[in-house]
Amino acid sequence: MRFDVITLFPELFTPFLANGVTRRAFESKQVEVVLWNPRDFAEGNYRRVDDRPFGGGPGMVMMAEPLSACLDAALAARAAAAPVVLFSPIGESLRHEAVERWSASEGAVLVCGRYEGIDQRFIDARVTHQISLGDFVLSGGEVAAMALLDAVARLQPGVLGDEASHVQDSFNPALDGLLDCPHYTRPEQWNGEGVPAVLLSGHHVQIERWRRDQRLAITRQKRPDLIDAARAAGRLSPLDEKALRKKL
């Protein structure tokens, strides 16, 4: 798959693409990332990409023309149509289900906005999807683009050291969309606190039941909406319901 990223700050992606476990996906081009700077497609000696907003107000607005020319070049290099994604507060919140869809796709063009925003005419004419990381504002779309790329890359075969690692992630359908359970490692005693005895028992059935009960309890406390969704989908067993009643 290939992601073309339109950004005024391509240098921000250099350490991201070269470090961490997901670098395997980027180095092997399982997830190919191509960076495009709209300033390279701006006219004039100053390569201007922003201007003052009509109607007045603070800040600057990214101009439609250099963005559109940059997008044309990115799409031409792909030699095929592709979704055009803008990271925006009005976008759909990024969730695991969407990450799974993107991870099985052929990629997209990711547009990273800056300043006060982007000329709405570009958005209306060229953007096909809008994505939000949550109810807060970032200085630009680069961090959001990296979040999507990281989430997609770690789902690719062979990227994580253990193929089963992402299956145990929070929100994964393999865990029925629940939050993950607590994890412990050596030493057995730290700062006066021990490891739950069941994890030291070697009894795998009891360990898995404990983990399931912990996932249920944590999800019920922190994200009860996920419990409701799992129940509505018929994913909770009678043992799960019994465990949830005990936590009341």
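This is a short talk on the strands, cores and salt bridges of the structure above.

Okay, thanks everyone. One thing up front: this is a predicted model, so please hear everything I say with that in mind.

Let me start in the middle of the sheet, with S6. How many of the five residues of S6 are buried? Five of the five, so this strand is largely enclosed by the rest of the structure. If you look at the two faces, Gly107, Val109 and Val111 sit on one side, with Ala108 and Leu110 on the other, and all of them are buried. That split follows the usual pattern, since in a regular strand the side chains alternate between the two faces of the sheet.

Now, who are the partners of S6? S1 is joined to S6 by five bridges, and the two run parallel. Within that pairing you can find Val5 standing opposite Leu110. S5 also runs parallel to S6, with three bridges between them. There, Leu86 is the residue opposite Val111.

Next, the packing. The largest nonpolar core has 27 residues, and the ones with the most contacts inside it are Phe13, Phe26, Phe87, Leu110 and Leu149. Two or more residues each come from strands S1, S5 and S6, and from helices H1, H2, H4 and H6. Which of these gives the most? That's H6, residues 142-153, with eight residues in the core. Then, apart from this one, there's another core of 19 residues, and Ile6, Val109, Ile123 and Val127 are among them. In general, nonpolar side chains tend to be buried together in soluble globular proteins.

Let me zoom in on Phe87 for a second. Leaving out residues up to four places away in sequence, Phe87 touches Leu110 and Val111, then Ile131, and then Gly141, Ala144, Ala145 and Leu148. Leu110, you'll remember, is also on that list of residues with the most contacts in the largest core.

Two other residues I'd like you to click on. One is Leu35, in strand S2, residues 32-36. Is Leu35 buried or partly exposed? Its relative accessible area is 31%, so Leu35 is partly exposed. Beyond its neighbours within four places in sequence, Leu35 is in contact with Val5, Pro10 and Phe13. So that you can place it against S6: from Leu35 to Val109 is 74 residues in sequence and 9.8 Å in space, C-alpha to C-alpha.

The other one is Thr22, in the loop between H1 and H2. Thr22 has 4% relative accessibility, so it counts as buried. Not counting residues up to four places away in sequence, Thr22 touches Asp150, Ala153, Arg154 and Val159.

Right, over to the C-terminal helices. H7 covers residues 204-222, which is 19 residues, and it reaches 27 Å from its first C-alpha to its last, close to the 27 Å expected at 1.5 Å a residue. Its buried residues are Ile207, Trp210, Arg212, Arg215, Leu216 and Thr219. And what do they pack against? Helix H8, residues 224-232, and helix H9, residues 238-246.

Last topic, charge pairs. As background, side chains of opposite charge can pair when their charged atoms come close. The count here comes to 16 salt bridges. The one I'd show you is Asp240 with Arg209, at 2.9 Å, N to O. That pair links distant parts of the chain, with Asp240 in H9 and Arg209 in H7, 31 residues apart. Asp240 is at 2% relative accessibility and counts as buried, while Arg209, at 26%, counts as partly exposed.

Then there's Arg223 with Asp225, also given at 2.9 Å, N to O. Arg223 is partly exposed at 23% relative accessibility, and Asp225 is partly exposed at 40%.

And in H8 we have Asp228 with Arg231, 3.8 Å, N to O. Why are these two separated by about one helical turn? Because they're three residues apart in helix H8. Asp228 is partly exposed, at 47% relative accessible area, and Arg231 is partly exposed as well, at 39%. Finally, there's a network: salt bridges that share partners join Asp176, Arg209, Arg212, Asp213 and Asp240.

That's what I had, thanks.

How values were computed: Residues numbered from 1 in each chain as written. Predicted model: local features only at pLDDT ≥ 70, side-chain atom pairs only at ≥ 80, totals over all residues. Heavy atoms only, no water. Helix = DSSP H or I, 4+ residues; strand = E, 2+ residues; numbered from the N terminus. Expected span 1.5 Å × (residues − 1). Buried < 20%, exposed > 50% of the residue type's maximum accessible area, 1.4 Å probe, protein only. Contact = heavy atoms within 4.5 Å. Core = buried A, V, L, I, M, F, W, Y, C linked by side-chain atoms within 4.5 Å. Pairing = 2+ DSSP bridges. Salt bridge = Lys/Arg side-chain N within 4 Å of Asp/Glu carboxyl O.
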